[in-house]
Amino acid sequence: MLIIMSEIINWEVNEYPGELNKDQWMELKMAKKAELGDPILNGMALSELYRWAFEFLDQKSRILDDIPFCGIKRFFDVLCHRLDDPNLVGSYDELSKAVAWLEKADFECKIVIAGNHEITLDEPYYNNIKASYPPSLIESSPKCLSLLTSSPSITYLSHTSATIKLTSPTGPLTTFTVFGSPSSPKRGPDIIDFSAFTYPPSEDPATPTLWDAIPANIDIVVTHTPPRHHLDTVPNNGNPVPFGCESLRRALWRVRPRLAVCGHVHFGRGAEYVSWGHEEGEELSTEKWIDPAPEGKKNSLVDLVKGLGSEQRGRGREGTCVVNAAIMTESYFQRKGHRKMSKPIVVDLELPVWT
Ligand SMILES: [Zn+2]
């Protein structure tokens, strides 16, 4: 079984602003503007794109002044994607390539969720932002979505659940329930938010949340965001900052799935087994996973049958293995050149056989 969580498309960015101050940021912008204003680069689509991008920067610079630095970095990321490629981020062409690749992959079941970068798959969000795009670059959300929803070999989950029955005579013949969601919490009060599928985070356990929608009988939960305090931190000069969602953590306590797979926070890649207590949201212990073969180049194994969590596991649903399966090792914004990738994580777990 292959689970794909967002970052469906291979993002390529030319410029990473890094920790620039405002003057350096402006200098970079002006240098880029001069470089791209070179008539050699002219071509209808490109010049339209450049004009749009820099008009946007000029008109909205006051708004950009008011947003947190991470918002500016995100803006740069989005802008540079578009400057690199006249196709839109999440364009139909890009998604077609990704879906074709997925369809060829030899897995009996392929569960796919989107994430905050799949902007065209979040129709209400995309409808809102596309007004500022040049008309030639506007995509059709329903057309993009149908690539995933109409694929015979892909199970696309968008805050929905499914019962999977593996029927191949050469496969494990198991059955399980899975809930998948592209949502992730908004990262602060950005005026301009370049992320799809976001929601305002809430720490208050009494407030209803979108995670109340996870059915109680779910075996596997796949979310773009990690739960709070589990594989969700970004290093920050020795003071790691958690980016996970507290409401999701509490929902996992309630549902107690066998496995909770997430991504989004690239630095959090890894796995741990959480033993849940009786009090609401209570955790008794967390057992960290260690890659049993770090020198191996193909993948990393999380063995839930004999390894991680097997000591604590007895009867019923008393614990959840949380896996942050992020493939990228770092943030989008902090490096140039080739990105380092983590190995895919393979999870070995026992599921009921249906025959
Ligand atoms: Zn993400």
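In which loop does His159 lie? In this predicted model, His159 is found in the loop between β3 (154-156) and β4 (160-165); this residue is shown again in Figure 4.

**Figure 1. Overview of the predicted model, with its 8 helices and 16 strands.** The protein has 355 residues, of which 33% count as buried. Among contacts between residues at least 6 apart in sequence, 71% join residues at least 24 apart. The mean pLDDT is 78, and 67% of the residues reach 70 or more. Over residues 1-17, pLDDT stays under 50, and the model has 59 contacts beyond four places in sequence for this stretch. Residues 84-88 also have pLDDT under 50 throughout, with 10 contacts beyond four places in sequence.

**Figure 2. Close-up of helix α5 (residues 92-104) and helix α7 (residues 141-149).** Two packed helices are described by the angle between their axes and the distance between the axes. Here the axes of α5 and α7 come within 10 Å and cross at roughly 0 degrees. Because of this angle, α5 is roughly parallel to α7; angles under 35 degrees count as roughly parallel. On the α5 side, the residues that meet α7 are Tyr92, Leu95, Ser96 and Val99. On the α7 side, their partners are Lys143, Cys144, Leu147 and Leu148. Sorted by class, this contact of α5 with α7 has 6 nonpolar residues, 1 polar residue and 1 charged residue.

**Figure 3. Close-up of the largest nonpolar core and helix α8 (residues 246-255).** In soluble globular proteins, nonpolar side chains tend to be buried together. The largest nonpolar core of this protein has 53 residues, and the members that touch the most other members are Val221, Val302, Cys321 and Val323. Which residues does Val221 contact, leaving aside its neighbours within four places in sequence? They are Phe179, Ile214, Leu252, Val255, Pro257 and Ala260. Two of these names, Leu252 and Val255, also appear among the buried residues of α8. Helix α8 is mostly covered, with 7 of its 10 residues buried. Besides Leu252 and Val255, the buried residues of α8 are Glu246, Ser247, Leu248, Arg249 and Ala251. The buried residues of this helix pack against three strands, namely β8 (220-223), β11 (259-262) and β15 (319-324). Just after α8 comes Arg256, which takes a positive phi of about 55 degrees.

**Figure 4. Close-up of His159 and Leu173, two loop residues with positive phi.** His159 has a phi of about 60 degrees, a positive value, although it is not a glycine. Is His159 buried or partly exposed? His159 counts as partly exposed because it has 16 C-beta neighbours inside 10 Å, whereas a buried residue would need 20 or more. Leu173 is not a glycine either, yet it has a positive phi of about 55 degrees. The place of Leu173 is in the loop between β4 and β5 (175-181). With 15 other C-beta atoms within 10 Å, Leu173 is likewise partly exposed.

**Figure 5. Close-up of Leu210, Pro215 and Ala216 in the loop between β7 (198-199) and β8.** Leu210 lies in this loop and is partly exposed, since 15 other C-beta atoms lie within 10 Å. Leaving aside neighbours within four places in sequence, Leu210 is in contact with His159, Ser183 and Tyr199. The residue His159 of Figure 4 is thus one of the contacts of Leu210. Leu210 and Ser181 are 29 residues apart in sequence, and their C-alpha atoms are 9.9 Å apart in space. Pro215 is found in the loop between β7 and β8. Is Pro215 buried or exposed? Pro215 counts as exposed because it has 9 C-beta neighbours inside 10 Å. Not counting residues up to four places away in sequence, Pro215 touches Ser161 and Phe179. Phe179 is also among the contacts of Val221, shown in Figure 3. From C-alpha to C-alpha, Pro215 and Thr160 are 9.4 Å apart in space, and they are 55 residues apart in sequence. Ala216 lies in the loop between β7 and β8, and this residue is exposed, with 9 other C-beta atoms within 10 Å. Ala216 and Ala251 are 35 residues apart along the chain, with their C-alpha atoms separated by 9.4 Å. Ala251 is one of the buried residues of α8.

Technical notes: Residues are numbered from 1 along each chain as its sequence is written. This is a predicted model: local features need pLDDT of at least 70, side-chain atom pairs count only at pLDDT 80 or more; totals for chains, interfaces and linings use all residues. Axes are lines fitted to C-alpha atoms, for helices over the stretch in contact, and angles run from 0 to 180 degrees between N-to-C directions. Angles under 35 degrees count as roughly parallel, over 145 as roughly antiparallel, 65 to 115 as roughly perpendicular and the rest as oblique. Two residues are in contact if their C-beta atoms, placed from the backbone, lie within 7 Å. Ala, Val, Leu, Ile, Met, Phe, Trp, Tyr, Cys and Pro count as nonpolar, Asp, Glu, Lys and Arg as charged, and the others, Gly among them, as polar. A residue is buried if 20 or more other C-beta atoms lie within 10 Å of its own, exposed if 12 or fewer, and partly exposed in between; C-beta atoms are placed from the backbone. pLDDT is the predictor's confidence in each residue, from 0 to 100. A nonpolar core is a set of buried Ala, Val, Leu, Ile, Met, Phe, Trp, Tyr and Cys residues joined through C-beta atoms within 7 Å.
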